[in-house]
Amino acid sequence: TVLATFPCREIDEDWVMRADLRILCTDDRHRGYVAMAVTGVIVYVIGIPSVLYFVLWSSGVPEIAKHKLHLARTNAVYDAVLLKLLNSTSPDPALVDEIVACKASGKDLESYTEIAPRLWILIFGLESLTQDSEDIPKEDDDLARQLNDIQQWALLQVKPDNAYFGAERADNDEVYCLATMGQLVESYKARFWWFEFSEMGRKLLMTGMLQFVNPGSSGQVAVGVFVSFIFVVLNLTLRPMKDKETNFAAVWALCEIFLILFGGLLLKVEIVPNGHDSLFFGIVLVLVSCSLVSLPIYAIIRAGYLNPTVACGTKDMVDENYVEKMSCEWQNNDTFDRPRIVTIEEAAIEAAKASRNH
């Protein structure tokens, strides 16, 4: 790489280029190489990521991502409220219709201050009050407080972490962005639209910057272990991919790099003795290297022979997925005869109709 031009080492009181010991770092030939390497760094190492970032920024990708996050947050609030209505004793049909209409419009809950008192009563258990009660606060400050309470409660029930490009209500700008630069952002959640640049930085550190550490030394391997560990933690913490299986594959690939480098470090400092132990350790490293190949094979088998759909109410239901859990609880309720409901809005409307009929 171009970065290999810069490191030099001292041999017999002469400084030579580490990548080619025939070239002295003090002669004009090496200076010419350095000039070309600096140009390459500006064009490739700095230029390409900078141009890509500028293109994404000028295309409005940060604003699109911000809009998708806002839409996911808004939908999370509506979903939590609808599920609360679903699981109430007798859902108010008019209120259900209003909430469904609010969600369909895409507007924030703050735009519908007239329903805030009823929602606040529904959520926080003041069921003895009615819509016409004088005890319901009517002032703007009280309405703002109620709306804030409702949103804080809703976001504790539903995690708005499912916003990604192309999900829903994609406008023309987003469609154009995905058509031209989708390979940079489409695989990630909207809030991590920038993560491809993090991957570029990781690859630069692991391939280029390590050349400035003494090659073949235990220190160079230790730096690689440290860098790979940082990115393992980063991916485990952020989980930037929109697809769970892709997230798992990315984390496992990083863990594989970390384990191989860590094993190489143990061999380098001779913690693992030569002989049968060293042979066994090498076999383990080979198996770790090959383990990533098994992931797509498992995915194919899982898609073809296993049913990925989890039945409602089974022990495999993820508790943190409030929307799916509460929807399943309502679907398993045998009070009303109805087909399987696909969306929360449909479930809320069906529950309101049943309440109206009773």
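Which residue in β2 does Ile 11 stand opposite? The answer is Asp 14, and the first view below starts there. This is a predicted model, so local features need pLDDT of at least 70 and side-chain atom pairs count only at pLDDT 80 or more, while totals for chains, interfaces and linings use all residues. Residues are numbered from 1 along each chain as its sequence is written, and side-chain values use heavy atoms, with hydrogens and water left out.

**View 1. Strands β1 and β2 make a hairpin.**
Strands here are DSSP runs (E, at least two residues) and helices are too (H or I, at least four residues), numbered from the N terminus. Strand β2 covers residues 14–17, and β1 pairs with β2 in the antiparallel sense over four bridges; two strands pair if DSSP finds at least two bridges between them. Look for Ile 11 opposite Asp 14, and for Cys 8 opposite Met 17. Two residues sit between the strands of this hairpin, and Asp 12 in the turn has a positive phi of about 50°.

**View 2. β2 also forms a hairpin with β3.**
Again there are two residues between the strands. β2 and β3 run antiparallel, paired over two bridges. Find Val 16 in this view and you'll see Leu 24 of β3 standing opposite.

**View 3. A disulfide joins Cys 8 to Cys 25.**
A search of the whole structure turns up one disulfide, meaning a pair of cysteine sulfur atoms within 2.5 Å. In this one, the S to S distance is 1.9 Å. Because the torsion about the S-S bond of Cys 8 and Cys 25 is about -105°, the disulfide is left-handed. Cys 8 belongs to strand β1 (residues 8–11) and Cys 25 to the loop between β3 (20–24) and α1 (28–58), so the pair ties together parts that are 17 residues apart in sequence. As for accessibility, buried means under 20% relative accessible area, exposed means over 50%, and partly exposed is in between (1.4 Å probe, protein chains only). Cys 8 is partly exposed at 21%, whereas Cys 25 is buried at 16%.

**View 4. Tyr 53 meets Phe 197 in an aromatic pair.**
Rings of Phe, Tyr and Trp (its six-membered ring) pair if their centres lie within 6.5 Å; planes under 30 degrees apart count as stacked, over 60 as edge-to-face and the rest as tilted. By that rule there are eight aromatic pairs. Tyr 53 and Phe 197 are edge-to-face, 5.7 Å centre to centre with 70° between the planes. Tyr 53 comes from helix α1 and Phe 197 from helix α7 (residues 195–207), so the pair ties together parts that are 144 residues apart in sequence. Tyr 53 is partly exposed at 40% relative accessible area, but Phe 197, at 19%, counts as buried.

**View 5. Tyr 188, Phe 192, Trp 194 and Phe 195 are linked into a cluster by ring pairs.**
Zoom in on Trp 194 and Phe 195: their ring centres are 5.6 Å apart and their planes are at 45°, so the pair is tilted. Trp 194 is partly exposed, with a relative accessible area of 33%. Phe 195 is buried, at 1%.

**View 6. The largest nonpolar core has 25 residues.**
A nonpolar core is a set of buried Ala, Val, Leu, Ile, Met, Phe, Trp, Tyr and Cys residues joined through side-chain atoms within 4.5 Å. Val 81, Leu 85 and Ile 99 are among the residues with the most contacts inside the core. Helices α2 (61–86), α3 (93–105), α4 (116–124) and α5 (140–157) each supply at least two core residues, and α2 gives the largest share, seven. A second, separate core of 15 residues includes Ala 72, Ala 163, Trp 193 and Phe 197. Back in the bigger picture, Ile 150 touches residues including Val 81, Leu 109 and Trp 120, leaving aside those up to four places away in sequence; contact means heavy atoms within 4.5 Å.

**View 7. Helix α3 has 13 residues.**
From first C-alpha to last, α3 reaches 18 Å, close to the 18 Å expected at 1.5 Å a residue; the expected span is 1.5 Å times one less than the number of residues. Its buried residues include Pro 93, Leu 95, Ile 99 and Lys 103. Gly 106 follows the helix, with a positive phi near 80°.
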